[in-house]
Structures are given as C-alpha cells and as structure tokens.
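Open the model in your viewer and keep the selection panel at hand. The stops below say what to select and what is there.

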Amino acid sequence: MRVVIAPDKFKGSLSAPEVAEHLATGLLAGFGSSGIETTRIPVADGGEGTIDAAIGSGFTRRTTTVTGPLGQAVKADFAVKSTEAVIEMAAASGLALLPEGPTSETAKTATSIGTGELIRAALDLGCRKIILGVGGSANTDAGAGVLQGLGAVFLDGNGNELPGGGAALAQLKTIDFANFDVRIEATEIVLASDVDNPLLGASGAPAIFGPQKGATPDDVAELDRALQNFVDVLAATTGPDAKYAAKAPGAGAAGGVGYIAIAALKAERRPGIDVVLEFTELEQKLKGADLVITGEGSLDEQSLLGKTPMGVSRAAAKAGVPVIAVCGRSTLSREQLTDAGFHTVHALTDLEDDVQKCIAEAGPLLEQLGKHIGVYLAERTENKEYLNV
C-alpha cells in the first residue's frame with residue numbers, strides 16, 4: 001500500500017514537514033512497517049510554509065541578509081532549483097519581524113524593500129522564473145519597497161530620497177529608474193495569491209488589511225491617499241497601465257505588493273495552492289497511490305475557499321485516489337466535508353478536548369491519529385473496503 005501524505009502546517013504548532021513526519025511515524029506503527037510505503041509532500045497555499053514545500057520537493061534552501069520591514073538587517077531564506085526560485089515574502093517583510101508587534105507607527109512605516117532584495121538575490125543566482133508567495137506582510141506600501149529593493153529611487157519635491165513605508169509616499173514626486181535591475185524584464189514572475197482585492201478604496205489594501213497591521217481609521221485614510229499618489233506618479237512615469245493595475249484583482253494583496261507585481265513586474269497572478277501543487281509535482285506523485293492524507297491546523301470555512309486541503313482533495317479526486325484529512329480541529333459539518341471530497345476527517349480534538357494541549361502536543365497527538373489510521377487500514381487491506389473511492 002502506498003500512502004501520499006500532503007499536509008499544510010499546523011499554524012502555531014508544527015511545520016508541514018513536521019506534520020508529515022509525525023503522521024508517517026504513526027502510520028507505520030499502526031499498519032506495520034512491511035506492506036506500506038509513505039510519500040511525504042509538504043504543501044502550502046502560497047503563504048507561510050511555501051519555502052518548506054519547495055525544499056521538500058527538491059529545491060535548495062538559500063539564505064541572504066536583507067532589509068527587514070523596519071529597516072533592520074534580517075536573514076531570509078528562499079529556495080532555488082535550476083533557474084527557478086520560490087520566495088516567501090513574510091521571510092523578509094513579515095509581521096513576525098516586527099520586534100514589538102504591529103502598531104499605528106509600523107503600519108505607516110513598514111516597507112517591502114527586503115522582498116525586492118530577495119528577488120535581486122534570486123536574479124544574481126541566475127533565476128529567470130520567480131514564484132512570489134505573499135501573505136503575513138507587515139507593510140502597506142503598495143510594493144514601493146519592492147521597487148526600491150530592485151534599484152528604483154523615490155524622491156520628494158526637493159530631490160530628497162524618501163524613507164520606506166506607505167505614509168511617506170504622500171510626498172513622492174519622482175521615481176528614478178536609472179539603476180533599476182533590468183534583468184527583471186527577462187524574468188517570469190508568478191504572484192501566488194488568493195486575495196482579489198484592488199489596491200485602493202473601501203475594499204483596498206489599507207481599508208481591509210491595514211487594521212490587521214496596526215492601522216487606525218485615520219491611518220487607513222492617510223495610507224489610501226498616499227498610495228493613490230504613488231499610483232499617479234508611477235503612471236506619469238511608466239504609462240497609464242499603472243492606473244489600471246491598481247483596480248486589478250489581487251492588487252491589494254500583501255499591503256499592495258500585488259499591485260507592483262502586476263503593474264511593474266508584469267506578474268501572472270495564480271491561486272497559491274495551484275502554484276505549490278505544480279512545483280511539488282503532486283499530480284505525478286499521486287499515480288499508483290492508494291490513499292492521500294492532507295490537512296491543516298483548522299479545517300473551517302476558510303479552508304473551503306482554496307486552502308491546501310481543498311487543493312489536495314481536488315488533485316486526489318482527479319487521480320481517482322481517496323483522501324482523508326487530519327486537523328487540529330474542524331468546524332465543518334459532515335455534509336461540507338463530504339462535499340469537499342474527504343472520505344473521513346480526524347481531528348486532534350477527537351483525542352484531547354483542551355485546544356491548548358492540542359497546540360502544545362500536536363506532534364504526539366498526530367502520531368496517535370496516524371497509528372489509528374494505520375490500524376484501520378491494516379484491518380481492511382484484504383478486501384480494500386476502506387480504499388474504495
């Protein structure tokens with residue numbers, strides 16, 4: 001029997017590779033080490049954990065020092081395979097890199113420059129396809145920092161260079177592209193994002209995502225005006241397409257980094273899970289499998305909107321392989337789970353009522369679930385009852 005284990009992370013507890021390892025350990029203990037083979041494929045939906053998924057599928061981890069969201073030096077990982085790179089924006093420009101957490105001040109001053117520097121580091125290694133996974137960003141700067149990281153210079157009316165952050169863009173008068181990295185023109189950029197918000201307005205990046213980053217209502221209004229000025233100056237510099245890009249679905253992703261990816265980097269926006277499943281080659285690895293196990297920390301309404309378990313479930317259904325899910329907890333009904341394609345669902349809360357213990361002891365509990373699944377499979381191996389699609 002061959003079982004493909006393709007989970008996302010259990011946020012706050014375990015990375016996707018760790019989840020897969022614990023499940024495999026439990027499966028082998030329950031089924032018996034002979035007669036069962038596991039293929040572990042850590043996956044993600046384009047946000048946090050995307051680098052782990054890339055490393056698990058044969059990419060090489062690289063580390064470089066870049067500018068963090070508040071201007072501090074941070075070490076950030078990315079992944080490379082031949083001429084392809086996978087970049088996780090949060091590694092350079094994430095909320096987790098704010099020393100004291102998000103505040104009104106950081107909402108206005110956090111920059112995405114480190115993400116641009118990561119892109120440049122990938123270009124230096126000869127990469128000509130870059131997958132940019134966004135999510136968990138600290139900035140609301142419309143991706144201005146990304147351009148700065150690639151060599152653009154932002155100037156006010158007196159010719160002074162602007163500091164980073166979205167609020168400073170209110171003073172922007174000129175963008176100097178003289179030293180911009182021209183290699184980007186010959187590079188394919190894929191924006192891995194499920195966010196479809198525009199850049200500005202009531203459903204834009206400042207209004208919808210700014211409060212999560214510490215922005216007050218006054219900050220939101222200030223940032224929206226500043227980003228509008230950025231769009232106007234960029235359009236005056238590069239052409240009217242920059243104005244249209246601000247209204248494009250996904251422009252509001254990652255504090256507006258989606259905007260600059262579309263407007264200046266000519267990125268193709270694709271659902272994060274589709275991008276990850278493609279580079280992990282899940283479809284090919286499902287051939288000949290008897291069962292797929294997927295999951296994430298919380299299986300809920302958000303999961304149904306294109307998160308990892310749904311993507312894996314669709315791929316498994318296409319391959320004709322039954323799929324089960326494991327999770328920390330599930331808030332979905334039996335009908336919803338069945339409609340999503342899951343044969344069964346096993347939650348840590350089935351074993352332990354205390355959610356905090358589930359978070360703290362996720363590894364051992366996952367091994368218990370894996371063992372339970374392994375025993376169940378062993379009991380039904382002869383007649384294949386459990387494995388009927």
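Does Lys318 count as buried or exposed? Its relative accessibility is 64%, so Lys318 counts as exposed. Bear in mind throughout that this is a predicted model.

**Stop 1: Lys318 and Glu283**

Keep Lys318 selected and add Glu283: the two form a salt bridge, with their closest N and O atoms 3.7 Å apart. The pair links distant parts of the chain, since Lys318 is in helix α13 and Glu283 is in helix α12 (residues 282-285), 35 residues apart. Glu283 has a relative accessible area of 46% and is therefore partly exposed.

**Stop 2: Arg270 and Glu278**

Select Arg270 and Glu278 next. This is another salt bridge, and here the closest N and O atoms are 3.1 Å apart. Glu278 is partly exposed, at 45% relative accessible area. In total the structure holds twelve salt bridges.

**Stop 3: the network around Asp181**

Now select Arg120, Asp124, Asp181 and Arg183, which are linked in a network of salt bridges. Within this group, hide everything but Asp181 and Arg120; the closest N and O atoms of this salt bridge are 3.3 Å apart. Asp181 lies in the loop between β8 (174-176) and β9 (188-192), while Arg120 belongs to helix α5 (residues 113-124), so the pair ties together parts that are 61 residues apart in sequence. How do the two partners stand in accessibility? Asp181, at 8% relative accessibility, counts as buried. Arg120 is partly exposed, with a relative accessible area of 27%.

**Stop 4: Asp300**

Move to the loop between β11 (291-299) and α13 (308-319), and select Asp300 there. Asp300 is buried yet has no salt bridge. Which side chain of opposite charge is nearest to Asp300? It is that of Arg329, 5.4 Å away; a salt bridge would need a side-chain nitrogen within 4 Å of a carboxyl oxygen.

Show the polar contacts of Asp300 instead. Its side chain makes one with the side chain of Ser298, at 2.9 Å. The side chain of Asp300 also reaches the backbone nitrogen of Gln302, at 3.0 Å. Leaving aside residues up to four places away in sequence, Asp300 touches Thr331 and Leu332.

**Stop 5: helix α1**

Select residues 16-31, which make up helix α1. At 1.5 Å a residue, its 16 residues should span 22 Å, and the end C-alpha atoms are 22 Å apart, so the two figures agree. Colour the buried residues of α1, among them Val19, Leu23, Leu27 and Phe31. The list also includes His22, as well as Gly26 and Gly30. What do these buried residues pack against? Their partners are β1 (2-5), β2 (37-40), β11, β12 (323-330) and α16 (362-379). Just after α1, stop at Gly32, which takes a positive phi of about 100 degrees.

**Stop 6: helix α16**

Finish with α16, already met as a packing partner of α1. It has 18 residues and reaches 26 Å from first C-alpha to last, close to the 26 Å expected. Its buried residues include Leu365, Leu366, Leu369, Ile373 and Leu377, along with Gly363, Gly370 and Gly374. Turn on neighbouring elements to see what the buried residues of α16 pack against: β1, α1, β11, β12, β13 (342-347) and α15 (355-360).

Methods: Residues are numbered from 1 along each chain as its sequence is written. This is a predicted model: local features need pLDDT of at least 70, side-chain atom pairs count only at pLDDT 80 or more; totals for chains, interfaces and linings use all residues. Side-chain values use heavy atoms; hydrogens and water are left out. Helices (H or I, at least four residues) and strands (E, at least two) are DSSP runs, numbered from the N terminus. Buried means under 20% relative accessible area, exposed over 50%, partly exposed in between (1.4 Å probe, protein chains only). Lys and Arg count as positive and Asp and Glu as negative; His and the chain ends are not counted. A polar contact is a pair of N or O atoms within 3.5 Å; within protein, one must be able to donate a hydrogen and the other to accept it, and residues adjacent in sequence count only if both atoms are side-chain atoms. Contact means heavy atoms within 4.5 Å. The expected span of a helix is 1.5 Å times one less than its number of residues.
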